[in-house]
Amino acid sequence: MAVIEPLRWADGRLALLDQRALPDQEIWLTCDSAAAVAEAIRAMVVRGAPAIGIAAAYGTALEARRLAPQRAAPWPETMAPALAQLAASRPTAVNLFWALDQVRAVLAADAGSDQLPQRLEQLAQQIHADDVAANRRLGDFGAALIEPGSVVYTHCNTGALATGGYGTALGVIRSAWQQQRLAHVLAGETRPWWQGARLTAWELMREGIPFSLNVDAAAAHLMRERKVAWVIVGADRIAANGDTANKIGTYSLAVLARHHGARFMVAAPCSTFDLAVASGTEIPIEERPCDEVTAVRGIAMAPRDCGAVNPAFDVTPAGLIDAIVTERGVIMNPTEAAIAAHFAGEAVVPKETAI
Ligand code: MRU
C-alpha cells in the first residue's frame, strides 16, 4: 500500500503537504506557530475533517513550545488566543473543535506545568495515531457491507490526505479493494476545489484501484447506467439524529441514490459526531469566497463581477442514509436512538457476509 501522509511531525516542527498544489507538485510547508497552522487550514493547505483536527492539535503543541520561554500566566490563559485563532479557521468540521476540547482539558490539568509543551505534543501524536487506527477499523466495517463485484461512487477526498492516513470513505474503498469486493470506483471531481480530481484520483492511482473520474453532473446518469451499489462519502459533522454535513454535492448524491436504488454509506470516526447538535439545521455551513466558483487557479470562468454563491458543505438528512460506519461498528438506518445506542456500546456489528 502506498504511504500517503497529509502531515508530518518531526523535531518539534509540523510539515504539511500543500494539497492545493497536488497532483502536479508535492510541496511541503513548515509551520512553527498556531497562527501558521490556522492559516494553512483556512487556505486549504490541509483539509478534510480529521486532518484539520490533527493539524490543530499539533498547532497548539507548536504554540506551547513557542510561548514557554516567555510565559507569564497559567497555560489556559497563555494559550487562549491560539485556540481562538484555530477555532476561527473553518467552522463546519467538528473534528477541529473536538481536538481543541482535548487540548483545553490538558491545559486545565497542567495549568502551571513546565511539561505542558511535551504533553500537547503527546496528545497530538495520540490523536493522530488513534485516527489512523479508527480509519482502518471503520474501513473493514464498511467493506463488509459491500457485495463482491460492486460498483461504488465516492465524492470529494476522504482518503489518507483527509485524515491521519488511510481514510474514511476512501478507507472503506481501500479495504473493500483489498478484500476483492470492488469492480470499479466512480469518483466525482468535486467542484470547486476538485478534491475528487486532484486528490482522490491521485490516491486511487497510487493504490492501483480501478476507477473513473467523472464530472459531478454525470452522477445521475452513471447511477442508472453503471448500476452503482453504494455511494460512499465521509462527513464533517454528524448531528445527534444522524443528519450529516459533508462536502457540497453530497446531499444531491443521497437524493439520487435513493431514486436509483443505490445504498448510501457515511464513513466517519466517532470524533466527527456532534451529539450536542440535535439536527442538521444547527450545523454551521462554511461559505467560501465566490472567486473559488468563478475562477479556476486564477483563470476566469465567468464574466468579471459575476455574482456567485459558494457553500462548502451541505446537510444530508438521516432518512437518506442507509448506514453510518464508525470504528465502533455500523449504524443501519440512523436515528437519534440508534446513534445513542451506538455510543452506549450497543453497536450493530456487520456480519462477515455483505448485506
Ligand atoms: O473542504 P474540505 O476538502 O475540507 O472537505 C472535505 C470533506 O467534505 C470530506 O468529505 C470530509 O471532511 C470527510 S474527510 C475524511
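Student: Which helix and which strand each supply at least two residues of the shell around the ligand?
Tutor: Good place to start, and keep in mind that this is a predicted model. Among the residues that come nearest to the ligand are A49 and N246. The elements that each give at least two residues to the shell are helix 2 (49–67) and strand 9 (244–247).

Student: Where does the ligand lie with respect to domain 1 and domain 2?
Tutor: Look at who builds the shell: domain 1 (7–133) gives residues to it, and domain 2 (139–353) does too. Because both contribute, the ligand lies between them.

Student: How much of the ligand does the protein bury?
Tutor: Let's begin with some contacts: an oxygen atom of the ligand is 2.8 Å from an N or O atom in the side chain of R47, and that distance of 2.8 Å is also found for the side chain of D236. Taken alone, the ligand exposes 410 Å². Of that area, the protein buries 100%.

Student: How many nonpolar, polar and charged residues does the shell have?
Tutor: In total, 18 residues surround the ligand. Sorted by class, they are seven nonpolar, seven polar and four charged.

Student: Which peptide bond is cis in the loop where P192 is found?
Tutor: P192 is in the loop between strand 5 (182–188) and helix 7 (195–207). Most peptide bonds are trans, so a cis one is worth a look. With omega near 5°, the cis bond here runs from R191 to P192.

Student: What is phi of T190 near?
Tutor: T190 also sits in the loop between strand 5 and helix 7. Most residues other than glycine have a negative phi. T190 has a positive value instead, near 65°.

Key. Residues numbered from 1 in each chain as written. Predicted model: local features only at pLDDT ≥ 70, side-chain atom pairs only at ≥ 80, totals over all residues. Heavy atoms only, no water. Near = heavy atom within 4 Å. Polar contact = N/O pair within 3.5 Å; in protein donor to acceptor, adjacent residues only side chain to side chain. Areas by Shrake-Rupley, 256 points an atom, 1.4 Å probe, with all protein chains shown as cover. Helix = DSSP H or I, 4+ residues; strand = E, 2+ residues; numbered from the N terminus. Nonpolar A, V, L, I, M, F, W, Y, C, P; charged D, E, K, R; others polar. Domains from an automatic or database assignment.
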